[in-house]
Amino acid sequence: MQVFRIRDDGDTFLPHKNRQGKFVLGDPKHGPKKHHKDFKVYAGSIVEAVKLVEMQGFSLWMKGQKSKQVNLISPDEIQIVRQGSQ
């Protein structure tokens, strides 16, 4: 499975793991405060993270490959490509 966002300037953002190796997401029920520490949700696998993005509208922290920026990306900007039977 590939999960990415390509920004207008060509920078490709990929899911970012924190120091504990977890994917970090923002819970949409907290609106503009979803990026705050108290409202972060952690996923142990990319499959779990994608389920939260697709089924519940969570945003995902992703890192730019060129810029090295880590941004909270909204679900409508995240591309998910499944290959084979995944």
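Start by selecting Asp11, which sits in the loop between β1 and β2 (12-15). As you look around, keep in mind that this is a predicted model. Is Asp11 buried or exposed? Asp11 counts as buried, because its relative accessible area is 2%, below the 20% cut-off.

Now show what surrounds this residue. Leaving aside residues up to four places away in sequence, Asp11 is in contact with Arg5, Ile6, Gly64, Gln65, Lys66 and Ser67.

Next, add Arg7 to your selection. Its side chain forms a salt bridge with that of Asp11, at 3.5 Å from N to O. Unlike buried Asp11, Arg7 is partly exposed, with a relative accessible area of 21%.

Arg5 was among the contacts of Asp11, and it makes a good next stop. Which residue meets the side chain of Arg5 in a salt bridge? Select Glu77: the N to O distance between the two is 3.6 Å. This pair ties together distant parts of the chain, with Glu77 in the loop between β6 (70-73) and β7 and Arg5 in strand β1, 72 residues apart. Color by accessibility here: Arg5 is buried at 17%, while Glu77 is partly exposed at 35%.

Move on to Glu54 and Arg82. Their side chains meet in another salt bridge, at 2.7 Å from N to O. Here too, distant parts of the chain are linked: Glu54 belongs to helix α1 and Arg82 to the segment after β7, 28 residues apart. Both ends are partly exposed, Glu54 with a relative accessible area of 43% and Arg82 with 39%. Before leaving the charged side chains, select Arg7, Asp9 and Asp11 together: salt bridges with shared partners join these three into one network. In total, the structure holds five salt bridges.

Glu54 has already brought you to α1, so to speak, and the helix itself is the last stop. Select residues 46-56 and pick out Ala49, Val50, Leu52 and Val53, which are buried. Look down the helix axis: the buried residues fall within an arc of 160 degrees, so they line one face of α1. What lies over them? The cover includes strands β1 (2-6), β3 (23-26), β4 (40-43), β5 (59-64) and β7 (79-81).

Rotate to the face turned away from the buried side, and you will find the exposed residues Met55 and Gln56. Finish at Gly57, which follows α1 and has a positive phi, near 75 degrees.

Conventions:
Residues numbered from 1 in each chain as written. Predicted model: local features only at pLDDT ≥ 70, side-chain atom pairs only at ≥ 80, totals over all residues. Heavy atoms only, no water. Buried < 20%, exposed > 50% of the residue type's maximum accessible area, 1.4 Å probe, protein only. Helix = DSSP H or I, 4+ residues; strand = E, 2+ residues; numbered from the N terminus. Arc of directions from axis to C-beta. Contact = heavy atoms within 4.5 Å. Salt bridge = Lys/Arg side-chain N within 4 Å of Asp/Glu carboxyl O.
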